[in-house]
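Let's take a walk through this one together, going from contacts to empty spaces to a helix and a peptide bond. Have the viewer open and turn the model as you read.

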Amino acid sequence: MASESGELTSTDYIQHHLQNMTYGKLPAGYTRYDGSVTQTSQWTMAHTSQEAKDMGFMAVHVDSMAWSIGLGALLCFVFWRVAKKASTGVPSGIVTFIEMVVDFIDDQVKSIFHFHNPFIAPMALMTFTWILLMNAMDLIPVDWLPMAAAKVSGDPHLFFKVVPTTDVNVTLGMAFAVMLMMIGFGISRKGAIGFVKEFTFHPFEPSFKSPWGIVAAPFVIAFNFLLEVAAFIAKPVSLALRLFGNLYAGEVIFILIALLYSAGFLGMLGGGLLQWGWAVFHILVIALQAYIFMVLTIVYMAMAHESGDH
């Protein structure tokens, strides 16, 4: 985390806060952060950004996994408790708030999704609230939880990111889950043949009514397939990168503002004002990105259910 002179620089500070706690496999003969050399390949925690990078694709971001699963479990627990408290009487407190959220999501689903599928509304509710909760972790001052984790672990250089949606692996994971649901609902709604025809007979329908049409048909089908697959894959990728980019940029700004606290009293005063102002604005970003992800997910589910011929 420190530079070669032993002093913490602004670059070191930023890079440390943007690095995930990574668990992965290092190859045999790898020179580690303390100069030791691994005799065999081993699974271990990364102590530097370079070690995390060298662990490759199969490495696990422990902090992102822990926070996303933990917040999801907390959300399920809250919903379970509210469901137990719900009654025919006048609701109050958190029950009222949850009912407002449920009604809001239900209205969004009804306005976008015009098919019968009891899975869509609960999925949209969980998507919106889970992403909103993960995004809201960005409002916690950037040093509080990492410093607490460093003290508990005894490692002052511990990597510890607390906003799961600033990890592109998390957002891509959610987006590809949406893609798998699109494939599953598409096949169940249209059948395997109908689903394949969407990728091969659109936007240019091959003709089999003439010799030239028969000759050209394989080329038209191949072109359609490449075009439709590219468009299909672009949906989850754009869904993931939009959420990741906005939250990652917000986190970087919070980290840059936090650097002002090391610039004396005036820096602390200016940093405090800037942090408050950016946090107020960032609340809109947090809610808007959760809403956009949910709405686009509903739209993609509706597209998967459409069975009209092109």
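Which residue forms a salt bridge with Lys 161? Keep in mind that you're looking at a predicted model. The partner is Glu 251, and the closest N and O atoms of the pair are 3.9 Å apart. This pair ties together distant parts of the chain: Glu 251 belongs to helix H8, Lys 161 lies in the loop between helix H6 (144-153) and H7, and 90 residues separate them. Are these two buried or exposed? Glu 251 has a relative accessibility of 6%, so Glu 251 counts as buried. Lys 161 is buried too, with a relative accessible area of 3%.

Now for the empty space next to that pair. Both Lys 161 and Glu 251 help line the largest cavity, which has a volume of about 90 Å³. A search of the whole structure turns up one cavity of 30 Å³ or more. Other lining residues include His 17, Met 137, Asp 138, Phe 160 and Ile 255. Sorted by class, the lining has eight nonpolar residues, one polar and three charged.

Back to the salt bridges, of which the count is four. One of them joins Lys 110 and Asp 106, at 3.2 Å from N to O. These two sit four residues apart in helix H4, so about one helical turn separates them. That fits a general feature of helices: with 3.6 residues a turn in an α-helix, residues three or four places apart point the same way. As for the surroundings, Lys 110 is exposed, at a relative accessible area of 55%, while Asp 106 is partly exposed, at 27%. Another salt bridge pairs Lys 190 with Glu 198, where the closest N and O atoms are 2.9 Å apart. Here both partners, Lys 190 and Glu 198, are buried.

Next, find helix H3, which runs over residues 62-85. How far does H3 reach from its first C-alpha to its last? The 24 residues of H3 span 34 Å, close to the 34 Å expected at 1.5 Å a residue. Along H3, the buried residues are Asp 63, Ser 64, Ser 68, Leu 71, Gly 72, Leu 75, Phe 79 and Val 82. And what covers them? The cover includes strand S3 (60-61) together with helices H4 (94-112), H5 (120-136) and H7 (168-200).

S3, H3 and H7 show up again at the largest pocket, being the elements that each give two or more residues to its lining. That pocket has a volume of about 570 Å³. Of its 21 lining residues, the closest to the centre are Ala 59, His 61, Asp 167, Asn 169 and Val 170. H7 supplies the largest share of the lining, with five residues. By class, the pocket lining has eleven nonpolar residues, nine polar and one charged.

One last stop is the loop between H7 and helix H8 (211-258), where you'll find Pro 203. Check the peptide bond that joins His 202 and Pro 203: this bond is cis, with omega at about 10 degrees. For context, most peptide bonds are trans.

Terms used
Residues numbered from 1 in each chain as written. Predicted model: local features only at pLDDT ≥ 70, side-chain atom pairs only at ≥ 80, totals over all residues. Heavy atoms only, no water. Expected span 1.5 Å × (residues − 1). Buried < 20%, exposed > 50% of the residue type's maximum accessible area, 1.4 Å probe, protein only. Contact = heavy atoms within 4.5 Å. 1 Å grid on protein atoms, 1.4 Å probe; cavity = no way out; pocket = protein on both sides within 12 Å on 5 of 7 lines; lining within 4 Å. Points joined across faces, edges and corners; volume = space filled by probe spheres on them. Nonpolar A, V, L, I, M, F, W, Y, C, P; charged D, E, K, R; others polar. Salt bridge = Lys/Arg side-chain N within 4 Å of Asp/Glu carboxyl O.
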